[in-house]
Structures are given as structure tokens and as C-alpha cells.
Amino acid sequence: MSHKRLERKQLGTPMMTVGSEINIVRSNRVVINNTICPAEIIISNGKIINIVPKKSLAPSKGEKIMDVGDLVVMPGIVDTHVHVNEPGRTAWEGFQTATKAAAAGGITTIVDMPLNSLPPTTTLSNFNVKLQAADGQCYVDTAFWGGVIPNNQAELVPMLNAGVPGFKCFMIASGVDEFPHVNFMDLHMAMKELEDTEAVLLFHAEVDVNQGNPALEDPTEYNTFLNTRPDIMEVQAIQMVAELCLLYNVRCHIVHLSSAQALPIIREARQAGAPLTVETTHHYLTLTSEHIPPGGTYYKCCPPIRGKDNQEELWAALCNRDIDMVVSDHSPCTPEMKLLEDGDFVKAWGGIASLQFGLPLFWTAAKQRGFTIHDLVQLMCKNTAKLCKLIERKGSLQPGWDADMVIWDPDKVFEVQEQIVHHKNKLTPYLNFRLHGEVFATIVRGRLVYQERKFSPKPQGELLLIQQTKAEENTAPYY
């Protein structure tokens, strides 16, 4: 049932000015570890210093208390798979628009992918260019992945030392010439370089399977494109990753898993001791191939959206923790690149814009399957924070951690309309979706950066440079 917009009189104290620092957040529903209870979160210098049972006392003079009544307060979401595309392709997206969309979606930290920007983040020099482009533009905290491409292995440790938590590589053509995919020998050289570091190596796990060029049918039909990216491309790639992960002492991570057929390989590798983790995305959990309309090229992504039965297997794998986390893989482009007039799925650019709506997309589908808010925190906050080595700062509400939180109403229903989308390009398959779970406010390191469609007057997110420490001998799983 749809609820009226939250009225100010429902809140325990006057509305805070967006951009201001908050001393106390008070709610009847604070998500702490495995409980949801009335509590006050005490904040100082951007950190949580204490969490205490909720009081009903009037605020002390000078204290900025944000009493949000029955709204849920939980850790800010950490989205480790975001293509910001700046510098170089800022017509697609940019740091200001991407991080505004993140803030509006309750995301307090993003990790930027190394490709689609010009230059790509594949050298230390290019990483410094990226940092300069992002400086002073981010509304939420932002970290950065590096990239592995052929013959850049000498750049990896310098980038690690400069603050990237790990690297992304493609096992198939990435779509942009400046980020070529790697072959098996390239991976051996890169993994030898990364062995005994704390770096994680992220794989776009698809390989060409030499099935020739079958005669294409109608390119405006989604199945025509789907048939060009069969499950076997992911299955064979993930088999290769599993073998490499067991061979080298390097943490490995499968990005955007779409095919449930690869799950047995992942389970077997983990049972054999491989430090292997896996993510899937909102589009694989929400959209199905059966419902993609002819010419609807804004649904195109790689790996592709598959059928309903496959989707249910992904949900079961999430329930069993065979999949560790859920991310957006926000990968926008300009509308003309989607070839909407032609509706050609084969030629259109692949990528889905979804950053702002990850929380309600996941919650709408997950709560129908018995998932709880605690599951959401595990899959979208804690495990993602662990992946990018921010687990001692982000992903939980506890003393000593950054005061990052999202305040939201899990029962509120809203409709995705173009005027509320903060991505630079508004084209997304989720327009007109009715979703459960509206974000009311987002706090980053104690500062109110977003509230009721208003943003902080200026960007105050930090650029996060991840410090390297001695690698742990035992890489514990997420569960």
C-alpha cells in the first residue's frame, strides 16, 4: 500500500539543514548487528563514538539531533561496481552526477571502475589523473579500482601502494580499445606480480567459445542478442578463474555473475580452498529475458539478462551465500548509443543505469522471498566493504566506524519517474517501476548530504586511498 510522503511533524525534532553536521541520530528502528531496536547514534568528528538505548530527553544546547521516528537507520550502502567514466567520457556520467545519484539512493561509498574513462586507470600516472578529476566533485566517499591489461604488470604494485584495493580485468573484449582484454599468459604474469599482496583481482568472466558466426535473426528481438552470449561463455571463464585462484595466493572475485550454471564451479573451488568471492547485480535479480520488449536496447548489458528460471537460481544462491554481494554495475551511456530508433540489440552499447535505485530494487524483490534487512546489510554493506578493504571503516553501525548511514522507509512505495533520476543520463529500464523502500536521508561521516531530494550545497565526499598492509595468511570467507 502506498503511504503519504513523510510529514515533518512526524519527526521528533525539526528538520536538519542539508549539508550540516549531525551529532545524534535517533530512531525507533536502528539496525545494529542482528537486531533492530530503538537507539541513539552519537557522532563526533565524522565517527560513531557510541550507540545507546534511545532517550526521550530534550537535546542539549548546541546538539544537532536528527530524530527520524520509525524510519529505519542502517549502515550506508557500499557499491563496489560503478562506472563513473570521468575524465574523458563525462557525457556518459561524471563524479558529481554519479555521487549525487548514489547519495539519493542511500549509498555512502562507491568504488569507481577503471575503464570507460580516458585515460583508463591502468598506470600510476593515469590513476593520478583520475584523482585530480574526482577531487572536490564527490557527494559520497569514493575509492578506485585499478585495471589489468596486457603488459601493465609493472604498474600494479605502484598503483596498490598509491591506494587502489585491487584490479579489474576483462577476459573478453571490453568494448573500448584503450582497455584490451587479457589472455591466459597475461593473467599468469599479473597474478605472479600480485601474489602475497592484499590485492583482489576482479574478473569480467566471459570468454569467446569459438562458436562461429551463426546467421543472426531479427536484431530487434532480445533473444537474438542473448543467443550470442550463451552461458558457456561464463562457465568456461569461471572455470579458468577457479583454477588460477587455486594456483596463486591471490584473492579473486567474479563481477556481475549472470549465469547460475557456473555456481557448481564456484562452490567446488571454495571447498578446495580458493579465496574466491562472487557478486551479482540488481538487473539480474530484477529483470528477466522473457519480459524485455522488442527494440528495448536500454536492457542490454554483458553478460546478458537471462531467463526467469536462471534468476530464481541466483536468488537461491544468494540465500545460501554462494553469492556474496549485490552491486549495481552502474554503466550508463548517452541515449544515442543505445540506438533506440533502430532497436538493434546486437549493435547497441551494453550497460544499465541503476545506481540510485539499488536499495529499493533489491528490497522490493528480496522481501518477497523472505530476505530481511539484516540480509540486505550483509549483501550490500558489509561484504562489499570487505571486498574493497574498507571493512574497518564502512558497512556497519558501530563505535569507531565512519558515521555513514541511510535513513529509509522500507514500506514506502514510490514510482521511478525521470524527474527524480539524478544520473546524468536518465535512460534506464526501471522507469515507471513501482518500488518499495524510499530513501529519506543519507549521512556520510556525520554530515547530512541528502534529504528529501535536496543535496548538500557542495560536494564533501572523500577520495579513499586504501592502505596496504601485510597479507593475512588465512583468507576467511564472508560467511
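Here's a quick tour of the core, one helix pair and a few backbone oddities in this structure. Keep in mind that you're looking at a predicted model. A good place to start is helix H10, residues 358–366, where nine of the nine residues are buried. One of those buried residues, Phe362, is also among the residues with the most contacts inside the largest nonpolar core.

**The nonpolar cores**

- The largest nonpolar core takes in 107 residues.
- If you want to find the busiest spots in that core, look for Met74, Phe167, Leu201, Phe362 and Trp408, which have the most contacts inside it.
- Helix H6, residues 231–247, supplies the largest share of this core, with seven residues.
- There's another core lying apart from that one, made up of 23 residues, and its members include Val78, Trp92, Val176 and Ile466.

**Who touches Trp408**

- Setting aside the neighbours within four places in sequence, Trp408 reaches back to Leu71, Val72 and Met74, which are among its contacts.
- Its contacts also include Leu359 and Trp363, and both of these are buried residues of H10.
- Ile373 and Leu376 are on the contact list of Trp408 too, and these two belong to the H11 side of the contact between H10 and H11.
- Further along the chain, Trp408 is in contact with Gly437, Glu438, Val439 and Phe440.

**Helix H10 and its partner H11**

- H10 is mostly covered, and its buried residues are Gly358, Leu359, Pro360, Leu361, Phe362, Trp363, Thr364, Ala365 and Ala366.
- The axis of H10 comes within 11 Å of the axis of helix H11 (residues 373–387), and the two cross at roughly 135 degrees.
- That angle is why H10 and H11 count as oblique to each other.
- The crossing of H10 with H11 is right-handed.
- On the H10 side, the contact is made by Gly358, Leu359, Phe362 and Trp363, while H11 brings in Ile373, Leu376, Leu379 and Met380.
- Sort the residues of this contact by type and you get seven nonpolar, one polar and no charged.

**Two cis peptide bonds**

- Most peptide bonds are trans, so a cis one is worth a look.
- Glu86 and Pro87 are joined by a cis peptide bond, with omega at about 5 degrees.
- You'll find Pro87 in the loop between strand E6 (77–82) and helix H1 (95–104).
- Cys302 and Pro303 are joined by a cis bond as well, and here omega is about -5 degrees.
- Pro303 sits in the loop that runs between helix H8 (282–286) and helix H9 (308–319).

**Two positive phi values**

- Most residues other than glycine have a negative phi.
- Asp196 isn't a glycine, yet its phi is positive, near 70 degrees.
- The loop between helix H4 (184–194) and strand E11 (200–204) is where Asp196 is found.
- Asp196 is exposed, because its relative accessible area is 54% and the cut-off for exposed is over 50%.
- Glu452 has a positive phi too, about 45 degrees, and is not a glycine either.
- Look for Glu452 in the loop between strand E17 (447–451) and strand E18 (454–455).
- Glu452 has 18% relative accessibility, so this residue counts as buried.

**A last stop at Glu217**

- Glu217 lies in the loop between E11 and helix H5 (222–226).
- With a relative accessible area of 63%, Glu217 is exposed.
- Glu217 and Asn227 are ten residues apart in sequence, and their C-alpha atoms are 9.9 Å apart in space.

Note on methods:
Residues are numbered from 1 along each chain as its sequence is written. This is a predicted model: local features need pLDDT of at least 70, side-chain atom pairs count only at pLDDT 80 or more; totals for chains, interfaces and linings use all residues. Side-chain values use heavy atoms; hydrogens and water are left out. Buried means under 20% relative accessible area, exposed over 50%, partly exposed in between (1.4 Å probe, protein chains only). Helices (H or I, at least four residues) and strands (E, at least two) are DSSP runs, numbered from the N terminus. A nonpolar core is a set of buried Ala, Val, Leu, Ile, Met, Phe, Trp, Tyr and Cys residues joined through side-chain atoms within 4.5 Å. Contact means heavy atoms within 4.5 Å. Axes are lines fitted to C-alpha atoms, for helices over the stretch in contact, and angles run from 0 to 180 degrees between N-to-C directions. Angles under 35 degrees count as roughly parallel, over 145 as roughly antiparallel, 65 to 115 as roughly perpendicular and the rest as oblique. A crossing is left-handed if the near helix is turned anticlockwise from the far one by less than a right angle, and right-handed if clockwise. Ala, Val, Leu, Ile, Met, Phe, Trp, Tyr, Cys and Pro count as nonpolar, Asp, Glu, Lys and Arg as charged, and the others, Gly among them, as polar.
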